[in-house]
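Hello,

Here is the structure I said I would pass on. Please look through it first, then read my notes underneath.

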Amino acid sequence: MNQQKQHNRVVFGTIILIFGALALIDNLNIFNTREILQFWPTVFIVIGALKMSRSDTVSGHLIGGGFIAVGALMTLQHLGIVYFSSRSLWPVVMIFAGLSIIFKDRLRADIAPPIGNMEDGDNCCNLSAVMSGSKSQNSSQNFRGGELTAVMGGIELDLRNASIDGSATINVFAVWGGIEIKVPGDWTVISQGIPILGGIEDRTVPPMDRSKTLFIQGYAIMGGVEIRN
């Protein structure tokens, strides 16, 4: 837990340090930081790298790779190396959407954790919502956690009928989207996520018995995550 908190502080502190250093350099007229604005699409590359670094699912790596690809293409366009317009990109988006629909069941099978029987597979919950909404309920009595990804969409996960044997971890990733998690009243929620121009709000009431603990990790980038009971 201490290592995770230290990692969160390092990431958040590094972001603030970079912006502060760039502002100082510009104010001292050492370098015109406006010249590096053409590299702003690298933000998408950073978002994709953050997603892939904390993802254990196929869909998570696909979404992270998509962010990296978009950031790389836009950076190359700003540098004048390649040229494309939004009109030339929409067929690619439609092709990607079609493939997602065709292989939706295949992806769900790949995302499912490699556990011995089908009942144990319900102990983990991996949901992705890209420009869409997802509403799910899990009542496993041995909930182990999962991964929730919302990109320009929303996810609502109801765990009020579930139970934890000790502790579980949910990795969240909300970019221009929202994630809502409902937990039982006897769960202790410990939020270790990093909000970047967003928010992670724990609205639960801590129970007297702290034998069941849910850890929330991940990022909320210009998005929101809410946990309540």
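The notes below cover the nonpolar cores and then three loop residues.

Please keep in mind that this is a predicted model.

The largest nonpolar core has 26 residues. Phe143, Ile170, Ile179, Ile181 and Leu214 are the members that touch the most others in it. At least two residues of this core come from each of β1 (124–130), β3 (145–151), β4 (154–158), β5 (167–175), β6 (178–182), β10 (213–221) and β11 (224–228). β5 gives the largest share, four residues. If you want one residue to start from, take isoleucine 179: leaving aside residues up to four places away in sequence, its contacts are Leu148, Ala150, Ile155, Val172, Phe173, Ala174, Gly224, Val225 and Glu226. There is also a second, separate core of twelve residues, with Leu50, Ile63, Val151 and Phe173 among them.

Next, the loops. Serine 140 sits between β2 (133–137) and β3. Its relative accessibility is 9%, so serine 140 counts as buried, the limit being under 20%. The side chain of serine 140 makes a polar contact of 2.4 Å with that of asparagine 123. Beyond four places in sequence, serine 140 touches Asp122, Asn123, Ala162 and Ser163.

Two other loop residues have a positive phi without being glycine. Methionine 152, in the loop between β3 and β4, has a phi of about 55 degrees and is partly exposed, at 43% relative accessible area. Leucine 197, in the loop between β8 (194–196) and β9 (199–202), has a phi near 55 degrees and is exposed, at 74%.

Regards

Technical notes:
Residues are numbered from 1 along each chain as its sequence is written. This is a predicted model: local features need pLDDT of at least 70, side-chain atom pairs count only at pLDDT 80 or more; totals for chains, interfaces and linings use all residues. Side-chain values use heavy atoms; hydrogens and water are left out. A nonpolar core is a set of buried Ala, Val, Leu, Ile, Met, Phe, Trp, Tyr and Cys residues joined through side-chain atoms within 4.5 Å. Buried means under 20% relative accessible area, exposed over 50%, partly exposed in between (1.4 Å probe, protein chains only). Contact means heavy atoms within 4.5 Å. A polar contact is a pair of N or O atoms within 3.5 Å; within protein, one must be able to donate a hydrogen and the other to accept it, and residues adjacent in sequence count only if both atoms are side-chain atoms.
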